[in-house]
Amino acid sequence: MALNRRGFFTTLGAFAGTALASTASAEEHPELDCDNQWSVLVDTTLCIGCRKCEWACNNQHKLSGRSLAAYEDKSVLAKNRRPAADAYTVVNSFQDETHAKAQTIKLQCMHCNHPACASACIVGALHKDPRGPVVYDAWKCIGCRYCMVACPFQIPAYEYHEALDPQVRKCTFCIDRLESGEVPACVSICPNEALTFGRRSDMIELARRRLYHNPDRYFPHIYGETEAGGTAWLYLAGSDLTETVLPQLEEQPAPETTEWIQHGIFRSFVPPLALYALLGLIMHSTRKTTVKEDDPSKEVRRDNT
């Protein structure tokens, strides 16, 4: 039986992934040195909504061929947008209580310290790099899209327009640039220094200094310091962002509240079905095929080679 790559890994991944998930609940998450991971502090009070970060991201990842001038259109800010398969980051506007004019904010994958998307992925297509980024391996992906459901920030997008080999798409933290000593593309182009790149502990300290020295400018909270167990991308704003464009989340990491349900289902129900499915696939691929002779009423069986 001929199987394409995705079909093969869908079957194999369902079996292997569920078998592993059934025992994962007994395992602890690996300890990460979150203080020293890469991080970005987003100061929304400095963002001018120029959308240059959108262009830099699209250009870096070759998501579109649009020119920088095309991103000068500010009419899109009137509508709330989410990152998409062809736009890993977007700039939205929001109104806060301390500014007469609408403020703007950059949204992208938050690269959580304990990512729910990676926890939900049964084949390990998403995982947390110890240096900070949550990275994606398209070869392992079976297209289940559990990551999209699990993400509390509604970030992962899917290439529904790709019929043959769709992938999950999201911000990569420009990990290839980081490995070569460069900062993320969006950070490098920001003209107003609304984006600051560094170690997470340094970014938290910088944010705290800004809060201390400018109490009238900022809402007294660093968004992402504790939400969902903490994120690599941190935010300062003039008002409570949970009442505008970012969700209000508990400090407890999302995987801790979801994995026991997922793993319980896998342990109790799915592995037997997955085993039968794998055995069925093996039997189907090695079964004897029926070859009809000239006379349709006669059949001859022969081993499939």
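## Pockets, cavities and a buried strand

About 210 Å³ of space lies in the second largest pocket of this predicted model. Three elements each give two or more residues to the lining of this pocket: β5 (134-136), β7 (168-169) and α5 (175-179). The largest share comes from β5, which supplies three residues. In total, 14 residues line the second largest pocket, and those nearest its centre are His61, Tyr88, Tyr136, Lys170 and Thr172. Sorted by class, the lining of this pocket holds seven nonpolar, four polar and three charged residues.

The structure also holds cavities. A search of the whole structure finds six of 30 Å³ or more. The largest cavity has a volume of about 150 Å³. Of the residues that line the largest cavity, Cys47, Cys50, Cys53, Cys190 and Ala194 lie nearest its centre. The table sets out this cavity beside the second largest pocket.

| Space | Volume | Lining residues | Classes in the lining |
|---|---|---|---|
| Largest cavity | about 150 Å³ | 16 residues | 11 nonpolar, two polar, three charged residues |
| Second largest pocket | about 210 Å³ | 14 residues | seven nonpolar, four polar, three charged residues |

Cys53, one of the residues nearest the centre of the largest cavity, belongs to helix α2 (residues 52-60), where Cys53 is buried along with Glu54, Ala56, Cys57 and Asn58. An α-helix has 3.6 residues a turn, so residues three or four places apart point the same way. The buried residues of α2 pack against β2, β3 and α6 (185-189). Just after α2, Lys62 has a positive phi of about 55°.

Two of the elements that α2 packs against, β2 and β3, are also joined to each other. Strand β2 (residues 90-94) runs antiparallel to β3, and five bridges link the two strands. One of the bridge pairs matches Phe94 with Gln103 in β3.

How many of the residues of strand β3 (residues 103-107) are buried? Five of the five are, so β3 is largely enclosed by the rest of the structure. In a regular strand the side chains alternate between the two faces of the sheet. In β3, Gln103, Ile105 and Leu107 point one way, while Thr104 and Lys106 point the other way. Residues on both sides are buried, Lys106 among them.

Methods: Residues numbered from 1 in each chain as written. Predicted model: local features only at pLDDT ≥ 70, side-chain atom pairs only at ≥ 80, totals over all residues. Heavy atoms only, no water. 1 Å grid on protein atoms, 1.4 Å probe; cavity = no way out; pocket = protein on both sides within 12 Å on 5 of 7 lines; lining within 4 Å. Points joined across faces, edges and corners; volume = space filled by probe spheres on them. Nonpolar A, V, L, I, M, F, W, Y, C, P; charged D, E, K, R; others polar. Buried < 20%, exposed > 50% of the residue type's maximum accessible area, 1.4 Å probe, protein only. Helix = DSSP H or I, 4+ residues; strand = E, 2+ residues; numbered from the N terminus. Pairing = 2+ DSSP bridges. Contact = heavy atoms within 4.5 Å.
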